[in-house]
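User: I'd like a close look at one part of this protein, with the side-chain contacts spelled out. Take your time and connect the pieces for me.

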Amino acid sequence: MAEEITAPDYKKYKFRELKVYSSTEWLADNKKKYRQVFDRYETTYVYAELSFYNKQFDIEDWEVEVELRCYSMKKNQKLLCALPFRRKVSKYDNIMFIREGWGNKNEGAFWKKGTYFWEAWIEGEKVATKYFYVEDAGEEMTDGFNPYLEVQSIKLYEGPYDDVIEDERIYYKSFSSEETRYIYVELTLRNSFLTKNWHCELFTKFYNDARELKGQVVRLQRIEKKDELISITAGWGSNVKGSWRRDRYTAEVIFMDKLLAVVPFEVGDQFEEGIAGVLLPDRQSTVVLSPEEGLNQTFEEVMAKLDALIGLESIKKEVRDHARYIQFLQLRKEKGFDEKEEINVHSVFIGNPGTGKTTVAKKMGLLYKKMGLLSKGHVHEVDRVDLVGEYIGQTAPKVKEAIEKARGGVLFIDEAYSLARSNDDSKDFGREVIEILVKEMSNGEGDLAVIVAGYPKEMKHFLDSNPGLKSRFKLYFEFPDYLPQELSHIATYACKEKGVILTTAAKAKINDIIINAYRTRDRSFGNARFVYDLIEKSKINLGLRVMAHDDPKSLQNEILEKVTLDDVRKIDIEQKPELPNIPIDEELLQLSLDELGRLIGMENIKAQIEELVRLVRFYRETKRDVLNSFFLHTVFIGNPGTGKTTVARILTKIYKALGVLERGHMVETDRQGLVAGHVGQTAIKTAERIDEAMGGVLFIDEAYSLTMRAGGSSGDFGDEAIQTLLKRMEDHRGRFFVFVAGYPDNMEAFLKANPGLNSRFDKMLRFDDYSPEELHRIALQMLSEESIVPTPEAAKHLNKYLEFLYEYRDKYFGNARTVRTIVNEAIKNHNLRLAALSPEEREATSANVLELADVESFKLDKSTFVFNKKSIGFKRKTNQQRQGSK
């Protein structure tokens, strides 16, 4: 230890933190009221608190040289003060605090509006910089007057660590202890200081009922003078559900040491939607500071907002006509007409992703509210995962909970077709969801509009899955893909939302990308989502370019918001991953090809593989991209025992030798290794197998079982495995290969079961049944491996028996597996014969010779077959039977 301490580069301290404060009031645990934003009229001294860890703790006392410097950033950097001093560090203090300040005892006398920073130096080395800001709104803040801002709205919502986008937030009055992760406070403030830019620092503190501090979030935000409204969110919690205990809590918002608002809320058994009441310093009771969107809008104002949406002309007309017809029916009722049917508000939205379905659903909710058909007009959005339970009995409560959350508004079910995976699948819990929905729409409590959305073909299948379902939906809205010119307008709108400006050249390039994407689009085309993603990626490239500058802070605002042509060019739409360039391993390649060559029969398979090797070698030699040129996923079709698994293992080694596989291993699995028994678990299980196979081959034996179920019905969790597999095959192209194997008839049905399957597999290897001659050679090879040689008589009998089996084979014939069984039986007979001899007789007998007696038990008699049923194929009609059936 002594040597370490005396080393020239040894430091006796470790920097901990540099903080800034103004108030000299002491708080618990040796803390101060740390801040970064101060009001000029209340500020006297501004202090820096330097803390560091004492690495000589419990060893010895020592002295430290510290200097605190304060600078002003007005025009040129200006040194306001330099405070050098030498302090004794006690060996009894594990953390050392040094506090010094600068200013004037009279409020507002020294500090003016501007940006400042403290620098901390220890032993001649700068260890930290901390910025702070002094603001001047022209008037002094008092308990009843805030010249900077005014609270407009406070709402609470739940979400993960990385927050929730505004359109997807659900606001709650109380929260579920078991389901809550982070509780967020959404603040909307009106900017009262519109003459200059300024800095807003908000402290959001979460307290439990015992007034213990659960957490604190500090938000520092630059406010532009053009910003009329300020939006800030702050959340506390954990990504692990259950970190909030059942209790009463408050979220308290503080600005410049003054309390702005207190939001009381509870964490209990379940969520309760709504806007929590807020306690303001000048009010005795809670008030709601968030009127629901659209509550004060007239019918025409809601329609005007719908008309303002980009594109969707046919949808706008249909919605307006629908609304007008409802008004007509209401008018007839007012005039005394007897309308036998209730007004139907349930709709089917058909269209690709990003075509505005959710946005229009929200507008329809408000329209229905304005017309008195719904009490709230909100939209509760769900999908299959939110509705379908994992076990029997879990689905109904989830559906009923979703319905109650949507009561008074719209229940919007996205990708509703996933609830009806197969018309023949009676065991899928999605059917239970449909039955509950039909019952609710038929004779439920009402005050609910159900909107289901999805692709055209799948939605037809969904509506046909239940006789009562189709009749409940009278309204069909088809959302077309946006046109390129409409997507260009959406890009302009997205730029405004994200606070960036496209140069003329950048805008032209964005339009080119949109047009190319539109021309090559399929039904998964993201439409508006695709455009928003383009603008987001452009902004990221802008940010990376700015931060690569030597001094980003010195750049003008115009540069920070302008997206250039280069920023857009760097967007990689298809993003082909760079794959490892591994040279050909000639030795391993030759060994693998030799191993393939030693296999008996399958000449067509060997020729195809050798042809593939030549092609891949040619691509490698001509510097072409092998992995992005072919899939190299392969189908192995053949009866049992025809060598599929053996060839798959050799082919894996060949791909490794050619450098097209990074690791070159093979993970063998089947349906049981991919499919789980509960909703959502299959995708996880399949993904795990794929992750194991990365850099190698995933070999799925009897792959057809993924599309087959007991009783011949199709479509269960095996479909989920196939969807996961197809997506990973596309997303990780070239990083692993999939080999699927199975019997001829079943594999044909497997490849036709999903349109994506057939197109993913470049190679198909057909394994024919072995001929009698090949079966005999395989038997001799197996005997040779056991160092056993048959006599000519034994070999002849074995050959005749294999010819007999071949003649009467059916589709379940085991080929080499059958030969293995026969050889094992012959060796057993051989060993039993030798075991029956006395030691002297055994000494005079050749132990490695297979005699006729060892194979005589193999009779050329059909009656010895274990299965003799017509369905298995061994039984043939006699002439008498043929005549009787005429």
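Does Trp62 count as buried or exposed, and at what relative accessibility? Start there, then walk me through its ring partner and on to the other contacts.

Analyst: Trp62 counts as buried, at 6% relative accessibility. Keep in mind that this is a predicted model, so everything here is read off computed coordinates. The call on Trp62 rests on a simple cut-off: buried means under 20% relative accessible area.

Now for the ring partner. The structure holds 44 aromatic pairs, and one of them joins Phe52 and Trp62: the ring centres sit 6.4 Å apart with the planes at 50°, so the pair is tilted. As for where the two belong, Phe52 is in strand E3 (residues 45-54) and Trp62 is in strand E4 (residues 62-72), so this contact ties together parts 10 residues apart in sequence. Phe52 is buried as well, with a relative accessible area of 0%.

Here's another aromatic pair to set beside that one. Trp244 and Tyr249 have ring centres 5.0 Å apart and planes at 75°, so that pair is edge-to-face. The angle is what decides the label, because planes over 60 degrees apart count as edge-to-face, while those that are neither under 30 nor over 60 count as tilted. Trp244 is buried with a relative accessible area of 0%, and Tyr249 is buried too, at 5%. Both rings also belong to an aromatic cluster, which is made up of Tyr172, Phe175, Phe206, Trp244, Tyr249, Phe265 and Phe271.

On to the charges. The structure holds 49 salt bridges, and Arg35 with Asp257 is a nice one to begin with: their closest N and O atoms are 3.2 Å apart. This pair links distant parts of the chain, 222 residues apart. Arg35 sits in the loop between strand E1 (13-21) and strand E2 (37-39), whereas Asp257 sits in the loop between strand E15 (247-255) and strand E16 (258-268). The two ends have unlike surroundings: Arg35 is buried, with a relative accessible area of 6%, but Asp257 counts as partly exposed at 39%. They don't act as a lone couple either, as Arg35, Glu42, Asp257 and Lys258 are linked in a network of salt bridges.

Next, a bridge between helices. Arg728 pairs with Asp691, with the closest N and O atoms 2.5 Å apart. Arg728 lies in helix H20 (residues 717-731) and Asp691 in helix H19 (residues 681-693), so the contact ties together parts 37 residues apart in sequence. Arg728 is buried at 15% relative accessible area, while Asp691 is partly exposed at 44%.

Compare that with a bridge inside one helix. Lys828 and Glu825 meet in a salt bridge at 3.3 Å, N to O, and both lie in helix H25 (residues 816-835), 3 residues apart, about one turn of the helix. Lys828 is partly exposed, with a relative accessible area of 42%, and Glu825 is partly exposed too, at 31%.

Last stop, the surface. Lys74, Lys75, Lys78, Lys112 and Lys196 gather there in a patch of positive charge. Among them, Lys112 has its place in the loop between strand E6 (95-103) and strand E7 (114-122), and at 32% relative accessibility Lys112 counts as partly exposed.

Key: Residues numbered from 1 in each chain as written. Predicted model: local features only at pLDDT ≥ 70, side-chain atom pairs only at ≥ 80, totals over all residues. Heavy atoms only, no water. Patch = residues over 30% accessible without salt bridge, like charges linked within 9 Å, V, L, I, M, F, W, Y side chains within 5 Å. Areas by Shrake-Rupley, 256 points an atom, 1.4 Å probe, with all protein chains shown as cover. Salt bridge = Lys/Arg side-chain N within 4 Å of Asp/Glu carboxyl O. Lys, Arg positive; Asp, Glu negative; His and termini not counted. Charge placed at Lys NZ, Arg CZ, Asp CG, Glu CD. Helix = DSSP H or I, 4+ residues; strand = E, 2+ residues; numbered from the N terminus. Buried < 20%, exposed > 50% of the residue type's maximum accessible area, 1.4 Å probe, protein only. Phe/Tyr/Trp six-rings, centres within 6.5 Å; stacked < 30°, edge-to-face > 60°.
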